[in-house]
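Please open the structure in your viewer and keep the sequence beside it, so that each stop on this tour can be selected in turn.

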Amino acid sequence: MMPHQGSSLTSDLCVVSSTAGQTIRAEPGENAILPCEAPEKKPVIIVEWRRCDLEGNDHVALYQDDQFDDEGQNPAYKNRVDLQDREIKNGDVSLVLKNVTTDDTGTYECRVNQTEVRRRKRSHLKNEPIICIINLVVSAPAKDGGTNTGLTVGLPVGLLVLALFAVSGFLLCKKLRRSPQEQNQ
């Protein structure tokens with residue numbers, strides 16, 4: 001177990017039960033899907049998505065009682081999050097983050113509660129293991145659209161030089177094949 005990064009010593013402990021985090025890349029303005037599935041095929045009661053590197057104890061998204069709970073939600077994520085499948089079929093708790101910006105770059109964690117609790121509160125998730133760790137990287141596209149300008153320019157120039165050599169070689173070969181009488185005329 002390791003302490004939450006960016007939080008005080010009294011904060012939750014991150015218990016990781018998933019494999020190494022997956023990296024998702026997006027460009028500013030796009031919607032990013034952070035994929036995650038609950039480990040068991042039991043009904044999902046509560047879903048919480050967090051970013052440990054955010055100040056405070058705010059969550060990115062908290063879904064319980066078949067709706068989003070915006071109490072305690074980080075203001076940067078208000079009206080910008082959704083579940084890919086609100087019915088959570090087959091344990092799909094993937095998060096859709098709308099209109100991403102470079103400020104959204106970070107490490108996201110998902111926790112779920114699949115057991116019934118008397119009072120459904122976020123505090124019940126403190127001891128639930130993290131089932132997904134997703135690294136989101138939001139960056140602008142390369143200035144040249146991601147292509148290699150040298151190759152784009154170099155290829156046509158190279159073909160032109162090759163064509164000139166081919167034509168020169170053809171003309172030289174044709175001249176050498178002429179009979180000595182044709183060359184004298």
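Start with the whole chain in view: of its 185 residues, 32% are buried. The model is a predicted one, and the chain exposes about 12200 Å², of which carbon and sulfur atoms supply 54%. Colour the chain by secondary structure next, and look for two helices and 11 strands, which follow one another along the sequence in the pattern β-β-β-β-β-β-β-β-β-β-β-α-α. If you consider contacts between residues at least 6 apart in sequence, 64% of them join residues at least 24 apart.

**First stop: an open sheet**

Select residues 32-34, 81-83 and 95-97, which are strands S4 and S8 and strand S9. Together these strands make an open sheet of three, with the order S4-S9-S8 and antiparallel pairing. Strands S4 and S8 are the edge strands, each of them pairing on one side only, and from one strand to the next the twist averages 25 degrees. As a reminder for reading such a picture, strands of a sheet pair through backbone hydrogen bonds, and they do this in either a parallel or an antiparallel way. Zoom in on S4 and S9, where three bridges hold the antiparallel pair, and pick out Leu 34, whose bridge partner in S9 is Leu 95.

**Second stop: Ser 94**

Now select Ser 94, which sits in the loop between S8 and S9. Is Ser 94 buried or exposed? Its relative accessibility is 4%, and Ser 94 therefore counts as buried, since the limit for a buried residue is under 20%. Show the residues around Ser 94, leaving aside neighbours within four places in sequence, and you will find contacts with Ile 33, Leu 34, Pro 35, Cys 36, Trp 49, Asp 82, Leu 83 and Gln 84. For one of these, Leu 83, the C-alpha atom is separated from that of Ser 94 by 5.8 Å, although the two residues are 11 apart along the chain. For another, Cys 36, look at the backbone nitrogen, which lies 3.1 Å from a polar atom of the Ser 94 side chain.

**Third stop: strand S6 and its partners**

Select residues 61-64, strand S6, and turn the view so that you can inspect both of its faces, which are covered. Ala 61 and Tyr 63 lie on one side, Leu 62 and Gln 64 lie on the other, and all of these residues are buried. Add residues 46-51 to the selection, because strand S5, made of these residues, pairs with S6 in the antiparallel sense over four bridges. Within this pairing, Ile 46 stands opposite Gln 64 in S6. S6 also runs antiparallel to S7, to which two bridges join it, and Tyr 63 has Phe 68 in S7 as its bridge partner. In the hairpin of S6 and S7, two residues lie between the strands, and Asp 65 takes a positive phi near 55 degrees.

**Fourth stop: aromatic pairs**

A pair of aromatic rings is described by the distance of the centres and the angle of the planes. How many aromatic pairs does the count come to? The count comes to two aromatic pairs. Stay with Tyr 63 and Phe 68, whose ring centres are 5.0 Å apart and whose planes stand at 70 degrees, so that this pair is edge-to-face. Tyr 63 is buried, with a relative accessible area of 5%, whereas Phe 68, at 24% relative accessibility, counts as partly exposed. Move on to Tyr 77 and Tyr 108, an edge-to-face pair with 6.4 Å from centre to centre and 90 degrees between the planes. This pair links distant parts of the chain, since Tyr 77 is in the loop between S7 and S8 while Tyr 108 is in strand S10, 31 residues apart. Both rings belong to buried residues: Tyr 77 has a relative accessibility of 1%, and Tyr 108 has a relative accessible area of 0%.

**Last stop: Gln 114**

Finally, select Gln 114, found in the loop between S10 and strand S11, where its relative accessibility of 13% counts as buried. Follow the side chain of Gln 114 to the backbone oxygen of Glu 40, reached at 2.9 Å, and to the backbone oxygen of Lys 42, reached at 3.0 Å. Not counting residues up to four places away in sequence, Gln 114 touches Ala 38, Pro 39, Glu 40, Lys 42, Pro 43, Val 44 and Ile 45.

Definitions and conventions: Residues are numbered from 1 along each chain as its sequence is written. This is a predicted model: local features need pLDDT of at least 70, side-chain atom pairs count only at pLDDT 80 or more; totals for chains, interfaces and linings use all residues. Side-chain values use heavy atoms; hydrogens and water are left out. Axes are lines fitted to C-alpha atoms, for helices over the stretch in contact, and angles run from 0 to 180 degrees between N-to-C directions. Buried means under 20% relative accessible area, exposed over 50%, partly exposed in between (1.4 Å probe, protein chains only). Contact means heavy atoms within 4.5 Å. Accessible areas come from the Shrake-Rupley method with a 1.4 Å probe; for residues, only the protein chains shown count as cover. Rings of Phe, Tyr and Trp (its six-membered ring) pair if their centres lie within 6.5 Å; planes under 30 degrees apart count as stacked, over 60 as edge-to-face and the rest as tilted. A polar contact is a pair of N or O atoms within 3.5 Å; within protein, one must be able to donate a hydrogen and the other to accept it, and residues adjacent in sequence count only if both atoms are side-chain atoms.
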